[in-house]
Amino acid sequence: MIGFLAIILAGSVLLCLPISSADGKVVSYVDALFTATTATCVTGLVTVPTVSTWSIFGQVIILLLIQIGGLGVITIAASIMMMLGKRIGIGNRILIQDSFNLNSLSGIVKFIKKVIIGTLIIEGIGALLYMTVFVPDFGIKGIWISVFNSVSAFCNAGIDIISENSLCDYALNPVINLTTSFLIISGGIGFVVWWDVIEIIKNKKRRHLRFLSLHSKIAISATAVLIVVGTILFFIFEYNNPLTMQSYSLIEKVEASFFQSVTTRTAGFLTIPQENFTDASSMIFLILMFIGGSPCGTAGGVKTITVYMMIRAALCTIQGKRHIEVFKRRINHSYIKKGM
């Protein structure tokens, strides 16, 4: 908690410096504090436009805060300790274990290394894909925009430096839509699922979804259901809305609906002005935002697995079952209590 607070306060002080402002004038401390908080908490709400308020220096500070917030203070602290060659003690290992909801203390250092390397690889891929669009549009500045947007999307922060209307100018650009969705889902699905899927792919004898861990099965299935249901409902509710998608073709409506379902649940980018949504769409997105992403990832919310477990617990109670079973596995009641 102290580390988390220290990072926010340090970020707010740095954002108050004249060098952080685009016009060289000091930004009010309240706005600097809010920006540092929303970046570290990867929330995405802003009180001042990111693209026009902050200089390159200020944007770098915001990007660092987003990266720290997305990976987690404990992960960053452990990474710094490893780079300095310091041994991670049992107390810190327990903190990391609890942070990532791991089953044991063994292999934690290796796990942190894989998280950092995997994050850099995926963010790098995202940046390269963004460059195919942003470099032709913005020139050399497009490289920085691509890097910033890739980190922000992967960390599910929803903050961008493209324009004051976020990604609205690229509402129907398939590269931007698919790249952003890929990054958001990759960060939100959780690091544990990554390695589980990779192990399945590498193991020729166990190359089947049934060999995934229970955690991964629930995270993947819950994420897929939420994305599909969100896409369908948004498509229905906004189909004839003249302020959003009425003028779009059928394919464009599907593309826009898919993006809204992905971004509103965990990130915060927008390709359609959200104040123009129907009340029905807004209500659906409130539910999706409440649920959020999966555990051990960069997304917020109460988490997909928590909600899934609560629903299963309720159904098993209604059916009169003594034990809660998911994918033919019995769930310990301690996990249900923890979720509640």
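**Cysteines, rings and a nonpolar patch**

C316 comes out as buried, since its relative accessibility is just 1% and the cut-off for buried is under 20%. The model is a predicted one, and the cysteines make a handy way in. C168 also counts as buried because its relative accessible area, 18%, falls under 20%. As for disulfides, a search through the whole structure turns up zero.

Aromatic rings give a good deal more to talk about. The structure holds 11 aromatic pairs. In one of them, the rings of W144 and F148 have centres 5.9 Å apart and planes at 75°, so this pair goes down as edge-to-face. Both residues belong to helix α8 (residues 141–154), where they are four residues apart, or about one turn of the helix. F148 has 0% relative accessibility, so it counts as buried.

The pair formed by F234 and F285 is set up another way. Here the ring centres are 5.3 Å apart and the planes meet at 35°; that angle is neither under 30 degrees nor over 60, so the pair is called tilted. This pair ties together distant parts of the chain, with F234 in helix α11 and F285 in helix α13 (residues 279–291), 51 residues apart. F234 and F285 are both buried.

Rings also gather into a group: Y130, F134, F138 and Y170 are linked into a cluster by ring pairs. Another ring, that of Y239, has a charge for company, as the charged end of K253 sits over it, 3.4 Å from the ring centre.

Back on helix α11 (residues 214–238), L233 is another residue to look at. With a relative accessible area of 24%, L233 lands between the 20% and 50% cut-offs and is therefore partly exposed. Measured out along the chain, so to speak, L233 and P174 are 59 residues apart, and their C-alpha atoms are 21 Å apart in space.

Finally, there is the surface. I117, I121, I125, L129, V175 and F182 make up a nonpolar surface patch of about 480 Å². Two elements, α7 (108–138) and α9 (174–189), each give two or more residues to this patch. Helix α7 gives the most, with four residues. On the α9 side, V175 is one of the patch residues. V175 has a relative accessible area of 31%, which means that it is partly exposed. That value is also over the 30% needed for a residue to be part of a patch.

Conventions
Residues are numbered from 1 along each chain as its sequence is written. This is a predicted model: local features need pLDDT of at least 70, side-chain atom pairs count only at pLDDT 80 or more; totals for chains, interfaces and linings use all residues. Side-chain values use heavy atoms; hydrogens and water are left out. Buried means under 20% relative accessible area, exposed over 50%, partly exposed in between (1.4 Å probe, protein chains only). Patches are made of residues with over 30% relative accessible area and no salt bridge: like charges are joined within 9 Å, nonpolar side chains (Val, Leu, Ile, Met, Phe, Trp, Tyr) within 5 Å. Accessible areas come from the Shrake-Rupley method with a 1.4 Å probe; for residues, only the protein chains shown count as cover. A salt bridge is a side-chain nitrogen of Lys or Arg within 4 Å of a carboxyl oxygen of Asp or Glu. A disulfide is a pair of cysteine sulfur atoms within 2.5 Å. Rings of Phe, Tyr and Trp (its six-membered ring) pair if their centres lie within 6.5 Å; planes under 30 degrees apart count as stacked, over 60 as edge-to-face and the rest as tilted. A charge sits over a ring if NZ of Lys or CZ of Arg is within 6 Å of the ring centre and within 35 degrees of the ring normal.
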